[in-house]
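Hi,

Here is the structure I promised to pass on. Have a look at it first, and then read my notes below.

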Number of protein chains: 2
Amino acid sequence: MSPGKPRMSPPLPSSRKTPTTTLDAGDRPYHHGDLRRAIVETASAMLREDKGWKFTLREVARRAGVSHAAPYKHFPDKAALLLELALRGFDQLGQELQAAITPRPRSARKEFLAVGGAYIAFGVANPALYRLMFSGDAGDPRVAHLSERALSALGVLLDMLTRGQASGAFRRRPLQGQAAACWAQVHGITMLSIEGLLMPEKVGTTPAQDALETLLDGVLA
Amino acid sequence: MSPGKPRMSPPLPSSRKTPTTTLDAGDRPYHHGDLRRAIVETASAMLREDKGWKFTLREVARRAGVSHAAPYKHFPDKAALLLELALRGFDQLGQELQAAITPRPRSARKEFLAVGGAYIAFGVANPALYRLMFSGDAGDPRVAHLSERALSALGVLLDMLTRGQASGAFRRRPLQGQAAACWAQVHGITMLSIEGLLMPEKVGTTPAQDALETLLDGVLA
DNA sequence: ACCTGAACACCGTTCAAGT
DNA sequence: ACCTGAACACCGTTCAAGT
């Protein structure tokens, strides 16, 4: 598609800007301020652009306006950058789940559907990021950090189930097992949706919603 | 790990064997009989070996004992070979689901757990293949063939749900939605298990089983 | 008809060298 | 301290040439 495309922006020998301590979003501090952040942001943008994108370290460097070796001063290797992106993804997911129930819905049922819906919406809105988060492309000891961060993102889910069980709205089951069931369900729905295998055309209504409600039947008391 | 490893088997200029019409498993027809099948089998073996394996066309050719350009006479590109592997995966999955209920369990409940358990067991036993089947690495129009084949593999699931609803054991719900719920659940459990995120240590008992039974609660009448 | 070898445009990663 | 340029060992893919 893009063979031999020209350098998109020459190294611009502009005046060195003092490293801003405030996180100015519109800044381009590139190869003099903090390249590390520029790399992460460029990579995030690439992840956001296209779900079928082949993620390349050299392409990140190109778009950040630095040489292809520069990133190695900030990340030991490609996997380390991917790990950072994945971790940020889990943090973002956690925030969105929290936001989905900040004006807390009155019924446990509505709360359940709000959290589940927000989870699926996040994955479908950020397919490349979501797949990265679960792809294992970020190395294997990554699991240590990742699963920790993933579990923390799921804190909202655990709290919700705890409340539901306490109020008597949900069946009293071992919390971890019930949480695993819910996580697996929304993860499965999200993944199949991203891959285009849960097509609303082939199915009556929206299968994602149906699947969520079928699980809800198993959770409600 | 393996830099510059020597050719593992020289082209052996043995007597040309007549192309066997019967599928002799122990044969090595390699670069004179049907290379196509040799490539597929070599690739399958590589997929079976290691879940973290980086699948390389050149490596397949190396292990099949042919030049790295030879596969292009049988597959237009790498994606085409991966597609073939994925399709075979879905066929195998379909067979295993069928086998799981060939002496049909007496209760709908047992049948449900047998099918679900077989699905998860297949994925966990063939992690690289399972991930390939859902990874989108096999191109995109692939979805046309793939989803067709995937749905056909899920025929066993649909039949089971139909029987369960007919007998009154399962809730009467739109079949496609209920099937989507079940598929998403087993897919989610399988994926999370493969990635090592459903660790039995962290959870009381086996979370996969718990998750399956929680869904079952939502399916049972 | 089927396969090889050299070639091209890429990668990830390393390292001496520049500022 | 941070970045560049050349270099190495790989890829996927193409193509003329061999048998």
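How many residues of domain 1 of chain A are in contact with domain 2 of chain A? Five residues of domain 1 touch eight residues of domain 2, where contact means heavy atoms within 4.5 Å.

Before I go on, some housekeeping. This is a predicted model, where local features need pLDDT of at least 70 and side-chain atom pairs count only at pLDDT 80 or more, while totals for chains, interfaces and linings use all residues. Residues are numbered from 1 along each chain as its sequence is written, chains are lettered from A and ligands numbered from 1 in the order in which they are written, and side-chain values use heavy atoms, leaving out hydrogens and water.

**The two domains of chain A**

Domain 1 of chain A covers 26-75 and domain 2 covers 87-219; such bounds come from an automatic or database domain assignment. Together the two domains of chain A bury about 520 Å², with 64% of that on carbon and sulfur atoms. Buried area here is the accessible area (1.4 Å probe) that two parts lose on being put together, summed over both. The side of domain 1 of chain A that touches domain 2 has two nonpolar, no polar and three charged residues. For these classes, Ala, Val, Leu, Ile, Met, Phe, Trp, Tyr, Cys and Pro count as nonpolar, Asp, Glu, Lys and Arg as charged, and the others, Gly among them, as polar.

How many salt bridges cross from domain 1 of chain A to domain 2 of chain A? The rule finds zero, a salt bridge being a side-chain nitrogen of Lys or Arg within 4 Å of a carboxyl oxygen of Asp or Glu. The count of residue pairs in polar contact between these domains is zero too (both residues at pLDDT 80 or more). A polar contact is a pair of N or O atoms within 3.5 Å; within protein, one must be able to donate a hydrogen and the other to accept it, and residues adjacent in sequence count only if both atoms are side-chain atoms.

**Chain B against chain A**

Now for the two chains: 38 residues of chain B are in contact with 38 residues of chain A. They bury about 3,000 Å² between them, 65% of it on carbon and sulfur atoms. Four salt bridges turn up across this interface. In a salt bridge between Asp217(B) and Arg173(A), N and O are 2.4 Å apart. Side chains of opposite charge can pair when their charged atoms come close. The interface also has seven residue pairs in polar contact (both at pLDDT 80 or more).

Which helix of chain B gives the largest share of the side that touches chain A? That is helix 8 of chain B, with 13 residues. Helices (H or I, at least four residues) are DSSP runs, numbered from the N terminus. By class, this side of chain B has 18 nonpolar, 12 polar and eight charged residues.

**DNA strand C**

There are 20 residues around DNA strand C, and Arg58(A), Arg62(A), Tyr72(A), Ser67(B) and His74(B) come nearest. A residue counts as near if one of its heavy atoms lies within 4 Å of the strand. Helix 2 (residues 57-64) of chain A supplies the largest share of this surface, three residues. An N or O atom in the side chain of Arg58(A) is 2.4 Å from a base nitrogen of strand C. Phosphate oxygens of strand C are met by polar side-chain atoms of Tyr72(A), at 2.8 Å, and of His74(B), at 2.8 Å.

Also in helix 2 of chain A, Glu59(A) and Arg62(A) sit three residues apart, about one turn of the helix. They form a salt bridge, with the closest N and O atoms 2.6 Å apart.

**DNA strand D**

Around DNA strand D there are 20 residues, with Ser67(A), His74(A), Arg58(B), Arg62(B) and Tyr72(B) coming nearest. Here the largest share, three residues, is from helix 2 (residues 57-64) of chain B. His68(A) has a polar side-chain atom 3.2 Å from a base nitrogen of strand D. A polar side-chain atom of His74(A) lies 2.8 Å from a phosphate oxygen of strand D, and a backbone N or O atom of Lys78(B) is 3.0 Å from a phosphate oxygen of that strand.

Happy browsing!

How values were computed:
Helices (H or I, at least four residues) and strands (E, at least two) are DSSP runs, numbered from the N terminus.
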